[in-house]
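Subject: Structure handover

Hello,

Here is the structure we talked about. Please open it alongside this note; the findings follow below.

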Amino acid sequence: MILSVSRRTDIPCRHSEWFMNRIRAGYAVVRNPMNPGQLGRIALTPDVVDCIVFWSKDPAPLMPYLKELDAMGYRYYFQFTLTPYGKNLEPGLRDKKEIEDCFRELARRVGSERIIWRYDPVVVNEVLDLNYHKKEFERLCRELQGCMRIITISFVDMYTKLGRGKTPAYEKEEEEALRSRAEKQLRPVTEEEMEELAAFFSHTASARGLSVNACCEGKDLTPFGVGRASCIDKAVIEDITGGNLKLKPDKGQRKGCGCYESIDIGAYNTCRNGCIYCYANHSPKSLEKNLRKADRQGELLVGSVRDGEKVTVRKTASCLEGQYELPL
């Protein structure tokens, strides 16, 4: 089993203590975000978890626990998102210079082969124009030289804040305010802008021996030197684990996603990073409501199993040496 920690929230940054408590307990309970009445008990023991994929914009709170994870036999790598944006877009993050230091320190501890740098998403507006991105991408490549395996990019998706879909009625006014704020800073990136930046990113990274892949982009950027990303990457995981894995493509992700199957133990509306372009938080009200129910000692990241609810034990197994079972 590949464990995703997490696409739904920044567990390394915001919930590392809860995560480690679940690792020590050997399991977690996860509520299906599409069907909240459906709960699954997920085994988290090293014999079942082949690899952990950490997703984070600042994994510093998790780093003190890495030696413990190593001693327990867990294997892992990081999807480390580092962008050159300020508090207007990413209000909950600490100073970016400190996060750059964290990036370098993480590479020293775990090795560059276990870090994928995400320059993601690329937001283009009057201030963050193409020249800004070229300058900052080149600077970060220089500052982070030797600290990552590959680079993943993506261009901002307007659905994230400007077309969320179903929202509780009591949050409609709040969502509209967030959408209005987002519209002032986010706009679609044109094909010409994508092509120019993709070519620049590829050329700049290649000069340092790095490749660039694009995550879930509808436009084919391979003519500009940018490949297609697989964030839950079979080849990367096999390199880290040192064995062959029997994995299947993840059909539950967005169109164009190259990821392989994993089980995610996160929960939406639980991240204080506050990124204006993020799909994972509906509103500040939802966030605060959930965080009031968060329990570092709890089985679930948010709340608890209510009376009458059934928890199903998910079928999980190692994917090494053919011990594969499809996650339910």
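S56 has F80 in β5 as its bridge partner. A second pair sits in these strands: W55 stands opposite Q79 in β5. Strand β4 covers residues 51-56, strand β5 covers residues 76-81, and the two pair in the parallel sense over 5 bridges. Please keep in mind that this is a predicted model.

How many residues of β5 are buried? The count is 6 of the 6, so β5 is largely enclosed by the rest of the structure. Both of its faces are covered. Y76, F78 and F80 are buried on one side. Y77, Q79 and T81 are buried on the other. F80, the partner of S56, and Q79, which stands opposite W55, therefore belong to opposite faces of a strand that is largely enclosed.

Now the sheet around that pair. It is an open sheet of 8 strands with parallel pairing. The order is β9-β8-β7-β6-β5-β4-β1-β10. β9 and β10 (263-264) stand at the edges. Each has a single partner strand, so one side of each is left without a neighbour in the sheet.

Two helices to look at here:

- Helix α4 (residues 96-110) packs on the sheet and touches β5 and β6 (115-122). Its direction makes about 165 degrees with that of β5.
- Helix α5 (residues 130-143) lies across β6 and β7 (150-155). It runs at about 170 degrees to β6.

β6 thus appears in both descriptions: α4 touches it, and α5 lies across it.

Next, the other sheet. It is open, has 3 strands and shows mixed pairing, in the order β2-β3-β11. Which strands stand at its edges? They are β2 (27-31) and β11 (311-313). Each has a single partner strand, so one side of each lacks a neighbour in the sheet. On average, neighbouring strands of this sheet are turned by 30 degrees against each other, direction ignored.

β2 and strand β3 (residues 39-43) run antiparallel and are joined by 5 bridges. A28 stands opposite I42 in β3. β2 is an edge strand, yet 5 of its 5 residues are buried, so it is largely enclosed by the rest of the structure. Y27, V29 and R31 point one way from β2. A28 and V30 point the other way. All of these are buried.

Now the empty space. A search of the whole structure finds 2 cavities of 30 Å³ or more. I looked into the second largest cavity:

- Its volume is about 50 Å³.
- It is lined by 11 residues, and A214, E217, K219, G227 and R228 lie nearest its centre.
- Strand β9 (residues 226-228) gives the largest share of the lining, 3 residues.
- The lining divides into 4 nonpolar, 3 polar and 4 charged residues.

So β9 has two roles in this note: an edge strand of the sheet of 8 strands, and the element with the largest share of this cavity lining.

The second largest pocket is next. About 270 Å³ of space lies in it. It has 15 lining residues, and R14, H15, S16, E17 and R296 are the closest to its centre. Two elements give two or more residues to the lining: α1 (11-14) and α2 (16-25). Which of the elements gives the most? That is α2, with 3 residues. By class, the lining has 7 nonpolar, 3 polar and 5 charged residues.

One residue to check by eye is K289. It is found in helix α10 (residues 284-292). Is K289 buried, exposed or partly exposed? Its relative accessibility is 41%, so K289 counts as partly exposed. The C-alpha atoms of K289 and N269 are separated by 8.8 Å, with the two residues 20 apart along the chain.

Last, the overall numbers. The protein chain has 10 helices and 11 strands. It has 328 residues, and 55% of them count as buried. Among contacts with a separation of 6 or more, 73% come from residues 24 or more positions apart.

Best wishes

Notes: Residues numbered from 1 in each chain as written. Predicted model: local features only at pLDDT ≥ 70, side-chain atom pairs only at ≥ 80, totals over all residues. Heavy atoms only, no water. 1 Å grid on protein atoms, 1.4 Å probe; cavity = no way out; pocket = protein on both sides within 12 Å on 5 of 7 lines; lining within 4 Å. Points joined across faces, edges and corners; volume = space filled by probe spheres on them. Helix = DSSP H or I, 4+ residues; strand = E, 2+ residues; numbered from the N terminus. Nonpolar A, V, L, I, M, F, W, Y, C, P; charged D, E, K, R; others polar. Pairing = 2+ DSSP bridges. Contact = heavy atoms within 4.5 Å. Axes fitted to C-alpha atoms, helices over the stretch in contact; angles between N-to-C directions. Buried < 20%, exposed > 50% of the residue type's maximum accessible area, 1.4 Å probe, protein only.
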